Amino acid sequence: MLQVSIYRYNPEQDAEPSMQDFQVDTGGKDLMVLDVLELIKGQQDTTVTYRRSCREGVCGSDGVNINGKNGLACITPLSECVKGNKLVIRPLPGLPVIRDLVVDMSLFYAQYEKVQPYLQNDTPAPAIERYQSPEDREKLDGLYECILCACCSTSCPSFWWNPDRFIGPAGLLQSYRFLADSRDTATEERLARLDDPFSVFRCHGIQNCVNVCPKGLNPTRAIGHIRGMLLKRAA
Amino acid sequence: MVTAVTSLSRSGLSDWLVQRVTAVILLAFFGFIGFKLAGGVSYAEWSALFAQSWMKVFALLAALSLAAHAWIGMWGVFTDYLTERLMGGKGNVLRIGLQLLTSLSLVIYVIWAVQIIWR
Ligand code: SF4
Ligand code: SF4
Ligand code: FES
């Protein structure tokens, strides 16, 4: 029997959060963490609350803290995270808890919104589409794949302390995605908005973000590129 | 709220650059001092070294670098941990108080260093 401990908190009823223990029969299979949650919700306690949708690592809705490391429950196999037959599941750290494993992502989305994550081009629109060379298109690899699961930003200490001022790894990765896009003409305005001491420069290169990204992306590298662009712009 | 008003240059890029340049200067200075000390020095040699203009300039540069480096570093630490978000209203009071204390001590240290070096 797998020993599972889940963070429980219902702000309307509970004075404070607590951990609830469950025993789950995995049938000897290497289940995903999400399967374990479903088993508990289906068979033991229907009030256990979490987000999930695609159950295949695409939608980014089931980011949780699994045995101390952020990840997507649906694509994290027990063999990768369970130690000593124990599985501890908590909500993503640093964001307000709405209930159990569900966190309020408003702060995270507000930072995403700040980087204006859409293509801006002030030249006349062409008849069909804006072309991009294969080489320029390649520059977006490792950037466009982000599913906004927030695993990275909520593992970043700088984001914990200043989630209202520091854009965080997820937002900055998207910021660079548009800075690097050959079809975007708002580069100067984008950079001008990033020059304050918080937005970009709160990153101290701790690399927690790289360590947890379920898509294998590297926000630290993207942040380095932004810093390079800011330097070039100032020189 | 935490704002950038009290940061050294108010620009993240300049603060970041200053932090790096001063780090190199400090490394060079303390590396040099360490190297000299490791060789063993007498009082006469030591005061002769500091009597030369280039050494005075070097030492003054190091003192100023230390002040700038410390300010940027402490500003970062204070605005991370001593905030309204983490500790309510008293975070602001504590942060501003410690910032004042830090700047005051840094100014005193720099003046003191100038006095010692240029005596
Ligand atoms: S960069 Fe990775 S961890 Fe961060 S939000 Fe995107 S997919 Fe999630
Ligand atoms: S590298 Fe930067 S963004 Fe990533 S976790 Fe560290 S401080 Fe945060
Ligand atoms: S449920 Fe969609 S990413 Fe896990």
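In which loop of chain A does A:Asp100 lie? A:Asp100 sits in the loop that runs between strand E6 (97-99) and strand E7 (102-103) of chain A, and the bullet points below return to this residue after an outline of the two chains. The structure is a predicted model, with scores of ipTM 0.85 and pTM 0.92. For chain B the mean pLDDT is 93, and 99% of the residues of this chain reach 70 or more.

**Chain A: overall form**

- The secondary structure of chain A consists of nine helices and seven strands, and the C-alpha trace of the chain spans about 60 × 35 × 30 Å along its principal axes.
- Chain A has 235 residues, of which 47% count as buried.
- When contacts in chain A between residues at least 6 apart in sequence are considered, 64% of them join residues that are at least 24 apart.

**Chain A: surface and charge**

- Chain A exposes about 11400 Å², and carbon and sulfur atoms supply 50% of that area.
- The chain carries 26 positive and 29 negative charges, and the mean positions of these two sets are 3 Å apart.

**Chain B: overall form**

- Chain B is built with five helices and zero strands, so that reading along the sequence gives the pattern α-α-α-α-α.
- The radius of gyration of chain B is 18 Å, which is well over the 14 Å that the globule rule gives for 119 residues, and chain B is therefore more spread out than a compact globule.
- Taken along the principal axes, the C-alpha atoms of chain B fill a box of roughly 55 × 25 × 25 Å.
- Of the 119 residues in chain B, 35% are buried.
- Among the contacts in chain B with a separation of 6 or more, residues 24 or more positions apart account for 65%.

**Chain B: surface and charge**

- About 7200 Å² of chain B is exposed, and carbon and sulfur atoms supply 74% of this area.
- There are 8 positive and 4 negative side chains in chain B, and the centres of the two sets lie 4 Å apart.

**Residues with a positive phi**

- Most residues other than glycine have a negative phi, which is the background for the two residues described here.
- A:Asp100 is not a glycine, yet it has a positive phi of about 45°, and this residue of the loop between strands E6 and E7 counts as buried, at 1% relative accessibility.
- B:Arg10 is likewise not a glycine and has a positive phi of about 70°; it is found in the segment before helix H1 (12-39) of chain B.
- B:Arg10 counts as exposed because its relative accessibility is 54%, where the cut-off for exposed is over 50%.

**A buried loop residue in chain A**

- A:Ala186 lies in the loop between helix H6 (168-179) and helix H7 (187-192) of chain A.
- With a relative accessible area of 6%, A:Ala186 is buried, since the cut-off for buried is under 20%.
- A:Ala186 and A:Gln120 are 66 residues apart along the chain, while their C-alpha atoms are separated by 5.9 Å.

Conventions: Residues numbered from 1 in each chain as written. Chains lettered and ligands numbered in written order. Predicted model: local features only at pLDDT ≥ 70, side-chain atom pairs only at ≥ 80, totals over all residues. Heavy atoms only, no water. Helix = DSSP H or I, 4+ residues; strand = E, 2+ residues; numbered from the N terminus. Rg over C-alpha atoms; globule rule 2.2 N^0.38 Å. Buried < 20%, exposed > 50% of the residue type's maximum accessible area, 1.4 Å probe, protein only. Contact = heavy atoms within 4.5 Å. Areas by Shrake-Rupley, 256 points an atom, 1.4 Å probe, with all protein chains shown as cover. Lys, Arg positive; Asp, Glu negative; His and termini not counted. Charge placed at Lys NZ, Arg CZ, Asp CG, Glu CD. pLDDT = per-residue confidence, 0-100.
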